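Hi,

Here is the structure I promised to pass on. Have a look at it first, and then read on for what turned up.

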Amino acid sequence: MSDTDVQWQSVSPRYRAELIVITGIAWLIILAASSVPLWIVGPGDSVWGWFILSAVALIGLMVLGFIPRRVRALGYALREDDIVFRRGVIFRRIVAVPYGRLQLVDVGRGPIARALGLSQLSLVTAAASSGVSIPGLPLATADQLRDHLIALAETRRAGL
Amino acid sequence: MAQSTLRQAGDASSGQWHRLHPLTPVLQGGVVVVAVLTAAVFILWENLILPSLLVFFGVDDELPDQDLWRFVQEFLGWIAVSALLLVVVLVVIFWLQWRVHVFRMDEDVIDVKKGLLVKTWRQARRDRVNTIGVRRPLLPRLLGLAKLDIQAAGNDANVVLEYLPVTLAQDLRRLILQGDVSELSEEDQEQPQREVDVPLFRYVGSLVASVETVVLLAVITTVSIFAIAVGDLAVWLAVVLALFVYVVYLVERTVRWGNFVVDSLSGDLRVSVGLLATSVETIPPQRIHTLEFSQPWPWKLFGWWRLNANLASQPGAATNKAPEHTVIIPVATVAEVVKTVGLGMPGMISGEVEELVEGMLLQPRKRRAGGLGSPRRGRWRNPLSAHLTMATLQPGLVVMRRGLLTSRISVTPLTRIQSASVSQGPWHRALGLSHIHLHSVAGPVSLRASALDSEDARKWWEELNVATHTAVSAVGYHPSRGEQA
């Protein structure tokens, strides 16, 4: 899967911040849950409790540290006849959606994304497995892209 | 708003509201009433009905001295009056339900309005109609009635007209599928042509020659050996019970799926199924998104294949009792499969493709040259089936094959592919392999090929993208009539 022949557009670097906040909150909850053994046995005499806690913390830090790499792996490209989207570092995936296949385009914003001025663009085709949603796009880019894609979909419409 | 019960299909298209058959509420809600009455008779039989019958026919002279019986004698008049009242109320409710359940059809839309307390009004655009089913559950079938299930693309996007006299339902189906409502005369009606008829013994045979049977036999053998070793005969009871359940399963499936017939009618496929309750589905070929032929390993001996399709419609809640209409043929011979593919994708199957598909069907385990296959190292990812994996781009079509224990071969028109992806997990990556997935509408068929060489897969994927785009743009789109070739 060489990516030399496609001019990839990357997503906003601010998306790293969004992912770090979301993942951070999730891991704090997991960390709190894995401290339960310590509360039950008592922090003084539970080696295993500390072991579990530190292992969870370590994995959490690794996941957080990995975020910039994951964000760098995200990319999309508008080509002549289709839009391609790639994501994933360990599990890589590249999808091509012909413009004529777009049924609708969705722009969504979570609370953190909104604070950072980002949106997520989701492309919907008649197949559920297409699964293309491009996160971390600046507001203006996402809206512009949506209108552009809808216009393209209209001119190249091909039913189902 | 003049409303009348629909009697002739030709009247339907006038845009007027029409009522359905007067027995509709009875068949829809009346089943519950019948069940309650039956239960009441069963409960009262021993104590009340049987003794009074015996007295009536002079078998017994004396009535049993029971509280219930004395109560009945004392309040006989009241009981009769309340029973009568109940019947009157039910009839009035049924009559009102029948009055408000109306439908209308014109050149563009089909409307159904119903409901006394909770009113619903469903409208479907006629150009979005995908498949039409005529379903006949047992009771309506005995009364000569049927329901018309009109499905549009999407989940639960169907309009159901229930119940109509059978001939009327069939005429309406033809009317809706032929598009132009003004041209329906007797001469125009093409006779359906019988294409595939699945013999009952083959269907039962396909059930018996299944993985389930093999598992059951294995379990029974194990249990028997165990029972003999232990000397406890009570275990045999479990075996008998299991066999009983197995027979019930065979009978149930056969009643539901027996008498399977595929006809072609003015270019559409017509799939009929059912021994007692019948269901007829009319599928226009342009709604078939992909066809898959699958063969579980016990069938290899007989050369049987199952035909599944992804269609652009999902039956909704109202039709979930009907057999899955994504099954085009439950068990077919190779010749029947080849014939049906030609019918389902008219004008798309060239002689070359037909030869390719037939060859694959006859020898599903033979390695084939050409197309995109899995390299030798693919064995490390898919030890059993890597050498069988294949994807090939043909003019206007993609043909794919995978699986060793269950062979799966699929044919997908390029114009129906929604999108395509190349992906790889860590294991794939370590071996320099990739996975290709073509995205089709929801259905039983998934179009995948794994353990392909990364470079080749990427190249093939790009070729496919170009081919898909070319095929899609060659098909014009007309806003009111959907796709046109």
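How many residue pairs are in polar contact across the interface of chain A and chain B? Please keep in mind that this is a predicted model. The rule finds 11 such pairs, counting those with both residues at pLDDT 80 or more.

Two strands of chain A are worth finding on your screen. Strand 2 (82-87) and strand 3 (92-98) each supply at least two residues of the side of chain A that touches chain B. Strand 3 of chain A gives the largest share of that side, 7 residues. Sorted by class, the side of chain A that touches chain B holds 15 nonpolar, 5 polar and 10 charged residues.

Strand 3 of chain A also has a partner in the other chain: it pairs with strand 22 (residues 419-424) of chain B, in the antiparallel sense, over 5 bridges. To locate this pairing, you could start from Arg92(A), which stands opposite Gln424(B) in strand 22 of chain B.

As for salt bridges, the count between chain A and chain B is 1. Glu462(B) forms this salt bridge with Arg79(A), and their closest N and O atoms are 2.7 Å apart.

Finally, here is the contact as a whole. Chain A brings 30 residues to it and chain B brings 34 residues. About 2,700 Å² of area is buried between chain A and chain B, with carbon and sulfur atoms giving 51% of that area.

Enjoy exploring it!

Best wishes

Definitions and conventions
Residues are numbered from 1 along each chain as its sequence is written. Chains are lettered from A and ligands numbered from 1 in the order in which they are written. This is a predicted model: local features need pLDDT of at least 70, side-chain atom pairs count only at pLDDT 80 or more; totals for chains, interfaces and linings use all residues. Side-chain values use heavy atoms; hydrogens and water are left out. Contact means heavy atoms within 4.5 Å. Buried area is the accessible area (1.4 Å probe) that two parts lose on being put together, summed over both. A salt bridge is a side-chain nitrogen of Lys or Arg within 4 Å of a carboxyl oxygen of Asp or Glu. A polar contact is a pair of N or O atoms within 3.5 Å; within protein, one must be able to donate a hydrogen and the other to accept it, and residues adjacent in sequence count only if both atoms are side-chain atoms. Helices (H or I, at least four residues) and strands (E, at least two) are DSSP runs, numbered from the N terminus. Ala, Val, Leu, Ile, Met, Phe, Trp, Tyr, Cys and Pro count as nonpolar, Asp, Glu, Lys and Arg as charged, and the others, Gly among them, as polar. Two strands pair if DSSP finds at least two bridges between them.
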